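Student: I would like to go through this model by asking how each label is earned. Could we take the terms one at a time, setting each value against its definition?

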Amino acid sequence: MATKSARTASYIEESEKYSAHNYHPLPVVLEKAERVWVWDVEGNKYMDCLSSYSAINQGHRHPKIIKALKDQADRLTLTSRGFYNDQMGPWLKLLCGLTGYEKALPMNTGAEAVETALKTARKWGQYVKGVPAGAQEIIVCANNFHGRTITIITFSSDAQTKDGFGPYTPGFVTIPYGDAKALEAAITKNTVAFLVEPIQGEAGVVVPPAGYLKACFDICKKHKVLLVADEVQTGFCRTGRWFACQHEDVRPDIMVLGKALGGGMYPVSAIVCDDHVMSVFKPGDHGSTFGGNPLAAAVSTAALEVLRDEKLDERAAELGGYFMDRLRAMKSPHVEGIRGKGLLIGMVIKSSSGKARPWCEKLMSHGILAKDTHEQVIRFAPALVITKEEVDWAVEKISETLR
Ligand SMILES: *Cc1c(COP(=O)(O)O)cnc(C)c1O
């Protein structure tokens, strides 16, 4: 046992020695995974309740996605957009069909897709809405998380995220989350877009009041402002619908997609919108060397097919509801509440019971890997392929930990 834990320590030591210290991981070194399960270098098995921040909705190493990755790797991996390839068109057709939009613009990471949406909105504002060049305003919400670029951290509410990285990008206005009246009050003649997460994941799984997104949608329509939904974390069946906006029958003007779009295997992101918005782009306006590459397209096609064919939206709705009911029934003195939708679940730890991080360390020793988000919240977001028996197992381990 001693030599085994020395192995873990040496991997951690090496990572800490040679990598920037921009993360604070749990002290576990993983080497293998399948579906909802992961194994560390000592052979211990855990349930992955983080799923790489919902990038692994299809489960670790889904055989169909692995096959698509391997087959495509044997044919063609990268063309750049300097040439066409035979994978991107069919992939974007499928993506547009599943999302219900006319056009898609592929990128790689979520932050790039958010940047793409911001650029789209600004250019649309200038050339379609008629806002003077450079006067475009975009409204965002307090406690948002949209990624890590300089422009995106400009409108973060989190001091640490911003500190030292100035000067910042102008043109953003912050309003409270969940308050549609504040949106209407913040709109000016220069407002081009409202960027919002349907559920704030990184803020601690914050679900807005019922009717919020619908009210925002109506306000945006009335004032000719684009509603841009960041579905990077909430999208692709995570909350029990294909996209979280669908809980309120809202169809945003632009959806920002990432994470599970790559099936937990390859970084793939995109925005989707209709042609009257996307048509602001002309050749040379915007791009990415790896965006829309054939390997990404093949992997993402398989990732989408798995979500569709295995009806993972329905599974997330059913098992998410069951998971939340069982967590609520635990009635632990340490837990202030359970919130979320589908399999995006936040357990709020009472401040009298300490912060969430030490509880995550305890959960780890009981075989559950979960991460704290925003000090007091533990997020439970297992892959959507989880079974009812596995949810029962997780609930048992969580209640053991809290006892
Ligand atoms: C993770 C995330 C992003 C950023 O995605 P990256 O791939 O890490 O750049 C953007 N928006 C939301 C809501 C996210 O959860």
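Student: Why is His60 called buried or exposed?

Tutor: His60 has a relative accessible area of 15%, and buried means under 20%, exposed over 50% and partly exposed in between, with a 1.4 Å probe and protein chains only; His60 is therefore buried. The residue lies in the loop between helix H2 (51-54) and helix H3 (63-73), where helices (H or I, at least four residues) and strands (E, at least two) are DSSP runs numbered from the N terminus.

Student: What kind of model is this, and how are its residues numbered?

Tutor: This is a predicted model, in which local features need pLDDT of at least 70 and side-chain atom pairs count only at pLDDT 80 or more, while totals for chains, interfaces and linings use all residues. Residues are numbered from 1 along each chain as its sequence is written, and side-chain values use heavy atoms, with hydrogens and water left out.

Student: Why is His276 called exposed?

Tutor: His276, which is found in helix H10, has 52% relative accessibility and so counts as exposed. The C-alpha atoms of His276 and Lys103 are separated by 9.6 Å, although the two residues are 173 residues apart along the chain.

Student: What makes the pair of His60 and Asp48 a polar contact?

Tutor: A polar contact is a pair of N or O atoms within 3.5 Å, and within protein one must be able to donate a hydrogen and the other to accept it, while residues adjacent in sequence count only if both atoms are side-chain atoms. The side chains of His60 and Asp48 make such a contact at 2.8 Å.

Student: Which atoms lie at such distances from the ligand?

Tutor: A nitrogen atom of the ligand is 2.7 Å from an N or O atom in the side chain of Asp230, and an oxygen atom of the ligand lies 2.8 Å from a backbone N or O atom of Ala111. Taken alone the ligand exposes 380 Å², of which the protein buries 81%, the areas coming from the Shrake-Rupley method with a 1.4 Å probe.

Student: How do you know that a space is a cavity and not a pocket?

Tutor: On a 1 Å grid over the protein atoms alone, a cavity is a set of points where a 1.4 Å probe fits but cannot get out, whereas a pocket is an open set with protein on both sides within 12 Å along at least five of seven lines; lining residues have an atom within 4 Å of a point. By this rule the count comes to 2 cavities of 30 Å³ or more. The largest cavity has a volume of about 70 Å³ and the second largest about 40 Å³, a volume being the space filled by probe spheres set on the points, which are joined across faces, edges and corners.

Student: What makes up the lining of the second largest cavity?

Tutor: Ala, Val, Leu, Ile, Met, Phe, Trp, Tyr, Cys and Pro count as nonpolar, Asp, Glu, Lys and Arg as charged, and the others, Gly among them, as polar; the lining residues divide into 8 nonpolar, 1 polar and no charged. Its largest share, 3 residues, comes from H14.

Student: How many residues line the second largest pocket, and which element gives the most?

Tutor: The second largest pocket holds about 490 Å³ of space. Of the 20 residues that line this pocket, the closest to its centre are Arg81, Leu105, Phe281, Lys282 and His286. S4 gives the most to the lining, with 5 residues.
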